[in-house]
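Hi,

Here is the structure I said I would pass on. Have a look at it first, and then read my notes underneath.

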Amino acid sequence: MTLRNTCGLWLAGAAALTLAACGQASQTPEADDAPPPETEAAAPPQPDFAAVDTARIAAADETPDEWLSYGGNYDEHRHSGLTKVDTDNVGRLGVAWTYDLTTNRGVESTPIVVDGVMYVTSAWSVVHALDAETGEELWVYEPDVDYAVGAKACCDVVNRGVAVYNGKVYVGVIDGRLEALDAQTGELVWSTVTVDQSKPYTITGAPRVVDGKVLIGNGGAELGVRGYLSAYDAETGKRVWRFYTVPHPEKKADNAASDTALAKLANDTWDDEGAWVSDGGGGTVWDSIVYDTVNDQVIFGVGNGSPWNRDVRSPSGGDNLFLSSIVAVDADTGEYNWHFQTTPGDNWDYTATQTIILADLPLGEAGATRRVAMQAPKNGFFYVIDAATGEFISGENFVPMTWATGLDENGRPLEVAEARYGSTPVMQLPGALGAHNWQPMAFNPELDLAYIPAQEIPQAYARDPRFSDMPTKWNTGVDFSAGQPPEPPEGTIDAIRATLKGRLIAWDPLAQEARWSVEHDNAWNGGVLSTAGGLVFQGKLDGEFAAYDAATGEKLWSHDVKSGAASGPGTYAIDGEQYVTITTGWGSAYALAAGMGYDETVPSTVGKVVTFKLGGNEIIADPDLPMIERTPKAEDFASAEMVQDGTVHYARNCAVCHGQLAISSGVLPDLRWSAIAGDAEAWNSVVMDGTLSANGMVAFDDVLTPEQSEAIRGYVIRQAHIGAGEEPTGGQP
Ligand code: CA
């Protein structure tokens, strides 16, 4: 309370500070190859604002009025001790305030709330500080990103949140910078480039801070990078340690914390040749990073292989450590402690970056507890492993799957032979979007239940017969055109949608079975919040934000937030009033690639922070969603052969952003109704010359011939003529 009062005084001057802090970054970012500090730095002075330290985060469960780190506490439970909102009164939850994030791109941020101030990120890594009680803007920090970097972002230009520590706010920027801001003013304190910016690295994940070190990884394994986790000095931005998750391309030492573990354990699990040597191998640490306070170690999730297809990546095979693994390292030095690989020899984009939750489960004799790490990665198995050693304890599939029949006694998947696909397409569950993606899982330690935002999104895998390195483009070795007809028969979209399911699953990690589950009509459901009020909160991409009874799954309340609601919700309290908050927006991997069937509207500035309290009666403004005129902008000119060619090249180069079957969900332009598609010259200048590269639409002349580009245009115009006669099939937003 004392801290809150201090903050209240400061808030009175917030408007003036906002004006002072809206400027662009003025400091030049520093490369991070400087040697670490030689001597232990003196303890930094304690700020009187946002005075968060390791002890305060470690004790987060005792101060549920705040939300101090991405996962709510170091164990990443996303379970709040607040009880004011409960199963009896949740029906009275209404909107307390909304704040416009002024974006039409995906929003995945979990807000941090410290001393009455909310720190939240938007698309393009923009940071907003708000009065958590009123939603009043305190400051905004725009990291001045070159939008061309959007072409490197596999899954939209999203950001999942900040870390707050010792008076500073830390944000990972989409172009690979890690930046520290003054928590009170939003002014840049330091900026460090954490990646080789000539390569297709991005950062979308939230940093974590432990004992004066900021932990951050990166993404980019769809395009071709080598993954790692780094620790930076929180005061200076100098690198302290780095752990590479896959070997050096020449299998030599990096002079990094990972050297010994790679030499002993990983190098021999990779071919000496193969596309990984030039593509980096993947293994990006793009989301889950957990500090284990008991064992003083950092446990993190490692992503998929690059390229995806192991036959291309490491032709002689091998487990390809530490792809798709959970890895534990010493928090001070980054030295290897243990690993557990969920998907040996990843072949399907089965990342193990999903939420890692630490808990003490009654697994021992007479109810004795054992400290475990739990994860429900993309591959569809729920794992319980020993947090001290990485030993496999148990695992079961939490969704239907076709790629494996179970796990052996060491937790190794029993693969179905056909899953190692060749040139014939194999339809598989889970697909590359996973049985669970970035949407945060929660854990209720009173009920010992994990709440998984699960999904069923099948995918056809086939080897790309024309695979070649495309240094700045998607580079998976998988043919996304597999099985795609040039002219989808009537009912195709409905048939595809019928195969897609989302579920909220209450998973009992002791029995390794679902206690209850709720099936959603939309596959891409949202992150989860658990509360001691006996509630589980979850949104969906269609805009429904709902509360369920934590014990039974009964839906007790819901509210239309009028935009995609996939982020992890949070909760906090001020002066005894409990608030529940969620960031909303329209975008992310699913909306980009698989948004077919949504209303064909253009979302503009639909991203918001929406905060609820009991008796709240504010209205969420209707988003500005102009309907698109469904008119083909050119005559249908392409021959059947040209459309066939265009189908293949569209699927390989365009679909992950502009939508499968040339149907966009509206995040990026629907090419069927684009004037540019109607004009051969304009199309050529955009696709081949890159005239819109400043918007993120970079040139494709390195991967397409002019004939192929024109074939894609012919395919798109054909789809326009087919689509113009059909009614949009509806859905929000
Ligand atoms: Ca991936």
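**Between the domains**

I'll start with a blank: between domain 1 and domain 2 there are zero residue pairs in polar contact, counting pairs with both residues at pLDDT 80 or more. Bear in mind that this is a predicted model. Salt bridges between domain 1 and domain 2 also come to zero.

As for what these domains are, domain 1 is pieced together from 54-92, 147-172, 192-458 and 499-569, while domain 2 is the stretch 640-723. Their centres, taken over C-alpha atoms, are 34 Å apart. Four residues of domain 1 and six residues of domain 2 make up the contact. About 360 Å² is buried between the two domains, and carbon and sulfur atoms give 58% of that. On the domain 1 side, look at Tyr147, Ala148 and Ala151: they supply 71% of the area that domain 1 buries against domain 2, more than any other three residues.

**The calcium site**

Which residues coordinate the calcium ion? They are Glu222, which appears twice through OE, Asn304 through OD1 and Asp349 through OD, at 2.3 to 2.8 Å. Along the sequence, the donor residues follow the spacing E-x81-N-x44-D. Glu222 sits in the loop between β13 (213-216) and β14 (228-233), and Asn304 in the loop between β18 (297-301) and β19 (305-306), so this pair ties together parts that are 82 residues apart in sequence. Are these two loop residues buried or exposed? Glu222 is buried, at a relative accessible area of 7%, and Asn304 is buried too, at 1%.

**Two more places to look**

Helix α4 covers residues 259-266, and its buried residues are Asp259, Ala261, Leu262 and Ala266. What do they pack against? The partners are β15 (239-244) and β21 (336-341).

The other place is Asn525, in strand β34 (residues 525-531). Asn525 is buried, with a relative accessible area of 0%. Its side chain reaches the backbone oxygen of Arg503 at 3.0 Å. If you leave aside neighbours within four places in sequence, the contacts of Asn525 include Gly502, Arg503 and Leu504, as well as Gln538, Gly539 and Lys540. Gln439, Pro453, Ala454, His520 and Ala566 are also in contact with Asn525.

That's what I have for now.

Cheers

Definitions and conventions:
Residues numbered from 1 in each chain as written. Predicted model: local features only at pLDDT ≥ 70, side-chain atom pairs only at ≥ 80, totals over all residues. Heavy atoms only, no water. Donors = N, O, S within 2.8 Å, 3.2 Å for Na, K, Ca; no water. Helix = DSSP H or I, 4+ residues; strand = E, 2+ residues; numbered from the N terminus. Buried < 20%, exposed > 50% of the residue type's maximum accessible area, 1.4 Å probe, protein only. Domains from an automatic or database assignment. Contact = heavy atoms within 4.5 Å. Buried area = accessible area lost by both parts, 1.4 Å probe. Salt bridge = Lys/Arg side-chain N within 4 Å of Asp/Glu carboxyl O. Polar contact = N/O pair within 3.5 Å; in protein donor to acceptor, adjacent residues only side chain to side chain.
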